[in-house]
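Here are my notes on the model you sent round. I've put them as numbered points so you can check each one against the coordinates.

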Amino acid sequence: MQMSEPLSQKNALFTAMNRFIGAVNNMDQTVMVPSLLRDVPLDQEKEQQKLTNDPGTYLLDAEADMYSYYSQLKSIRNNVEWGVMRAEEQRRKKDTTAPEPVRTEPESDIDLEQLLQYHLRGLHGVLSQLTSQANNLTNRYKQEIGIAGWGQ
């Protein structure tokens, strides 16, 4: 059974991605009327993070209410599911005058394996934080409409 451990390590990023997508899908299914989230302030912890300008805040600082937070989490889910390239293609369709981004080749002295590990650790951390935020938004919505104990 030594195969299961490397397999689980290999799928750790996929597991984190699936957890995030599942949390956002659950949020999307729970929030039946997203407009109810308008003008609902974010929790105090998020407000304090914005005030301290903590680099650990993953979502935009311009968020004013839970609706924008909800919309942004759904947008990030779409980018994770469909890839950033598809989102860029859609943006190009809207703005046909945008110049093509210049691609640079990686320098030969960079250790690509270390660079990959660095980005995978960062991505895993971001996905974990976003999953937590989607679950928090779902629970907060349930509290706001009075069904906090359902589905647990």
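Which helices do the buried residues of helix 6 pack against? Helix 2 and helix 4 are what they pack against. Keep in mind throughout that this is a predicted model.

1. Overall make-up. The chain has six helices and zero strands, so to speak an α-α-α-α-α-α run from the N terminus on. Of its 152 residues, 23% count as buried. Look at the contacts between residues at least 6 apart in sequence: 78% of them join residues at least 24 apart. The exposed area of the chain is about 11,300 Å², with carbon and sulfur atoms supplying 53% of that.

2. Helix 6. This one runs over residues 112–145. Its 34 residues reach 49 Å from first C-alpha to last, close to the 50 Å expected at 1.5 Å a residue. The buried positions are L127, L130, T131, Q133, A134, L137, T138, R140, Y141 and K142. Just after the helix, G146 takes a positive phi of about 90 degrees, if you want to check the backbone there.

3. Helix 2. With 19 residues at 1.5 Å each step, helix 2 should span 27 Å, and its end C-alpha atoms are indeed 27 Å apart. A16, F20, I21, A23, V24, M27 and T30 are its buried residues. Helix 4 and helix 6 are included in what covers them.

4. The core. The largest nonpolar core has 19 residues, and the members touching the most others are F20, M27, V31, L37, L73 and L137. Helix 2, helix 4 and helix 6 each supply at least two residues of this core, and helix 2 gives the largest share, six residues. L137 is a good place to centre your view: leaving aside neighbours within four places in sequence, L137 is in contact with M27, V31, L37, M66, Y69, Y70 and L73.

5. Salt bridge between helices. There are four salt bridges in the structure. One of them joins the side chains of D28 and K74, at 3.4 Å from N to O. D28 sits in helix 2 and K74 in helix 4, so this pair ties together parts that are 46 residues apart in sequence. Both partners are partly exposed: D28 has 25% relative accessibility, and K74 has 23%.

6. Salt bridges within helices. E81 pairs with R77, their closest N and O atoms being 4.0 Å apart. Both lie in helix 4, four residues apart, about one turn of the helix. R77 counts as buried because its relative accessibility is 9%, whereas E81, at 38%, counts as partly exposed. D28, K74, R77 and E81 are linked in a network of salt bridges. In helix 6, the side chains of R140 and E144 meet at 3.8 Å, N to O; being four residues apart, they are separated by about one helical turn. R140 counts as buried at 18%, while E144 is partly exposed at 46%.

7. A surface patch to look at. Which residues make the nonpolar surface patch of about 380 Å²? They are M32, V33, L36 and I145. M32 is found in the loop between helix 2 and helix 3, and at 64% relative accessibility M32 counts as exposed.

How values were computed: Residues are numbered from 1 along each chain as its sequence is written. This is a predicted model: local features need pLDDT of at least 70, side-chain atom pairs count only at pLDDT 80 or more; totals for chains, interfaces and linings use all residues. Side-chain values use heavy atoms; hydrogens and water are left out. Patches are made of residues with over 30% relative accessible area and no salt bridge: like charges are joined within 9 Å, nonpolar side chains (Val, Leu, Ile, Met, Phe, Trp, Tyr) within 5 Å. Accessible areas come from the Shrake-Rupley method with a 1.4 Å probe; for residues, only the protein chains shown count as cover. Buried means under 20% relative accessible area, exposed over 50%, partly exposed in between (1.4 Å probe, protein chains only). A nonpolar core is a set of buried Ala, Val, Leu, Ile, Met, Phe, Trp, Tyr and Cys residues joined through side-chain atoms within 4.5 Å. Contact means heavy atoms within 4.5 Å. The expected span of a helix is 1.5 Å times one less than its number of residues.
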